[in-house]
Every structure is written in C-alpha cells, then in structure tokens.
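Hello, and thanks for asking me to look this over. Here are my notes, in numbered points, for you to read alongside the model.

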Amino acid sequence: MTFSDWLRVDRLPHIYCAGCGNGTVINCTLSAVDQMGWKKEETVFVSGIGCSSRAPGYIVTDSLHTTHGRALAFATGIKLANPSLNVVVFTGDGDLAAIGGNHFIHACRRNIDITVVCMNNMIYGMTGGQGSPTTPRMALSTTTPYGSVEPAFDLCELAIAAGANYVSRWTSYHVKELTRAILAGLRTPGLSFIEALVQCPTNYGRRNRYRQAIDQIEYFKEHGMLVEKARRLREEGKEIPPDTIILGELARRNRPAMGVKA
C-alpha cells in the first residue's frame, strides 16, 4: 500500500484553505503509518475540534471526531479498552494546549501508548483567528490586535516535563524529517508527541506579514535549528536568538507505559 490507500477519497475535496500546511502533516502521518504495515481495521484516528481535527474524516479507518479538547480523553479510553488497537491523535495548538491542556498533561503523565500529532498553526484558525497558547509574543490575531503580550507555550517542553516517552518537533517544510519522527513515535511504546509547525495563510499569515503561504514556510526554514546545534551553542556559552525554532528529537526514553499491546 501507499499513503494514498489510507485516504477516504469520497470525502474529497477537503475543507482546508489554499496553502494550509495541514495536508502536508496528514501525508507525512499516513506515510509513516503505511511504513508500519498496520491494518486499517486495527487502527483508529481520534481528533478534537479545529482545522487539524478534520483530518480523521479523510482517512478510511475508524475514527472519532470528538468534543473540543477531549481527543486525548477519548483516545485513552479506546486504548485502555482495547490495547491491540493502534491509536493516533490529530490535534491543534488550541485544542491540545488550551481547552485540552489538562488532558495533555495527564496523558503524558500516564504515558498512554498513543501517538499525538499536533498541527501547531499558532492560532485558532477555524473559529476566526483568535490568539492561542502558542501565538508568539507580539504576533497579531483577532484577539491580540496590538500584538500578543503573553509568552507562548512550548508544547514539547510540556510533554517532556509531564512524562511522554518520545517528543519531537519539525515543520511543514521538513517533510522527510517529520515523516521519520512520526514513524519513530509510532514505534515507541508509551505516549509519543510530535509537534508540526504549519502555516495558516488565512488567519495567521495575512496578519503577520506572510503574504504568501511560502513566506511562512521560508521562515520555518530560516529559523529552524537542530537541537544538537542548540545544545552545542549553549555549552559554548553562546546565545540563541529568541525566535529560533529548535528542531529534532527532543526526548526518547523508556518510562513504564499504559495500554501497550501484550
């Protein structure tokens, strides 16, 4: 099979805006799932609410499009009721870190054997472009018209601190790296968290001087720094620019996990 065999073509065309980065993340995820050799009838995709959370509707497996912020709670129930299932969660920054923030923390703490792919577009894209917990400082949104004054959440640091076994961050520019990271997450027992920064030309880009979708992708490319280089610079006492996006495998460990196949 190929990743396209996992697509539910009768639901196409999709609802995503032109230039949206979510489709790239879906393709990377399905490529990784396909490389795992999983069976469709043994795989479940779960999501909450938001642009990212429409993704399971385009996949041929069983799926749950749940309430806002509750995808991880539903995924936990599925996995603990039937550990033989492969469970993947699609979520966004608002769904995961705001409304679903406590579920995120406790799913990592429990180290449930699921893979969470977060499409972080740094804004509430579907509901009108409100600021989210990951909106960068001074970035514009409909609720921060003069620039956000709040510090942004580092979702990967949160997942590491809460106990996830595998944590990685890439962007919609880093297609091959993102696919490999999701594959590594699928292979790791326990909770795997992969953050994928994506462009949102409709509700984030146009308010923040990314006139074209490619402009934000170029930003990801130019501001990304591998975690190994960041560690080396810190050891040398050198400063890392505050707008740097630290990329790569940020955590891999073997804490006891719940819901692992026997």
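The points below go through the open pocket, one strand and its neighbours, and then the enclosed cavities.

1. A reminder before we start: this is a predicted model. Please read each value below as computed from that prediction.

2. Let's begin with the largest pocket, whose volume is about 870 Å³. Its lining is made up of 32 residues, and those closest to the centre are Asp154, Pro242, Asp243, Thr244 and Ile245. Two or more lining residues come from each of these elements: helices α5 (155-162), α7 (213-223) and α8 (227-235), together with strands β6 (192-197) and β8 (245-252).

3. What is the make-up of that lining by class? For the largest pocket there are 20 nonpolar residues, with 8 charged and 4 polar ones beside them.

4. Now to strand β4, which covers residues 115-120. Why can we call β4 largely enclosed by the rest of the structure? Because 6 of its 6 residues are buried, with the cut-off for buried being under 20% relative accessible area. Thr115, Val117 and Met119 point one way from the strand, while Val116, Cys118 and Asn120 point the other way, and all of them are buried.

5. Which strands does β4 pair with? Strand β3 (residues 86-92) is one partner, in the parallel sense over 5 bridges, and here Gly92 stands opposite Met119 of β4. Strand β6 also pairs with β4 in the parallel sense, over 6 bridges; Val117 has Ile194 of β6 as its bridge partner. You may recall β6 from the pocket, as one of the elements that give two or more residues to its lining.

6. On to enclosed space: searching the whole structure turns up 2 cavities of 30 Å³ or more. The largest cavity has a volume of about 150 Å³. Of the 16 residues around it, Ile49, Gly50, Cys51, Tyr124 and Gly125 lie nearest the centre. Helix α3 (residues 93-99) gives the most to this lining, with 3 residues. By class, the lining of the largest cavity has 8 polar, 6 nonpolar and 2 charged residues.

7. The second largest cavity comes to about 40 Å³. Its lining includes Gly69, Leu72, Val89, Asp95, His103 and Phe104. The elements giving two or more residues here are α2 (71-81), β3, α3 and α4 (101-110). The lining of this second cavity splits into 5 nonpolar, 4 polar and 1 charged. Helix α3 therefore deserves a look in both places, if you are browsing the model.

How values were computed:
Residues are numbered from 1 along each chain as its sequence is written. This is a predicted model: local features need pLDDT of at least 70, side-chain atom pairs count only at pLDDT 80 or more; totals for chains, interfaces and linings use all residues. Side-chain values use heavy atoms; hydrogens and water are left out. On a 1 Å grid over the protein atoms alone, a cavity is a set of points where a 1.4 Å probe fits but cannot get out, and a pocket is an open set with protein on both sides within 12 Å along at least five of seven lines; lining residues have an atom within 4 Å of a point. Grid points are joined across faces, edges and corners, and a volume is the space filled by probe spheres set on the points. Helices (H or I, at least four residues) and strands (E, at least two) are DSSP runs, numbered from the N terminus. Ala, Val, Leu, Ile, Met, Phe, Trp, Tyr, Cys and Pro count as nonpolar, Asp, Glu, Lys and Arg as charged, and the others, Gly among them, as polar. Buried means under 20% relative accessible area, exposed over 50%, partly exposed in between (1.4 Å probe, protein chains only). Two strands pair if DSSP finds at least two bridges between them.
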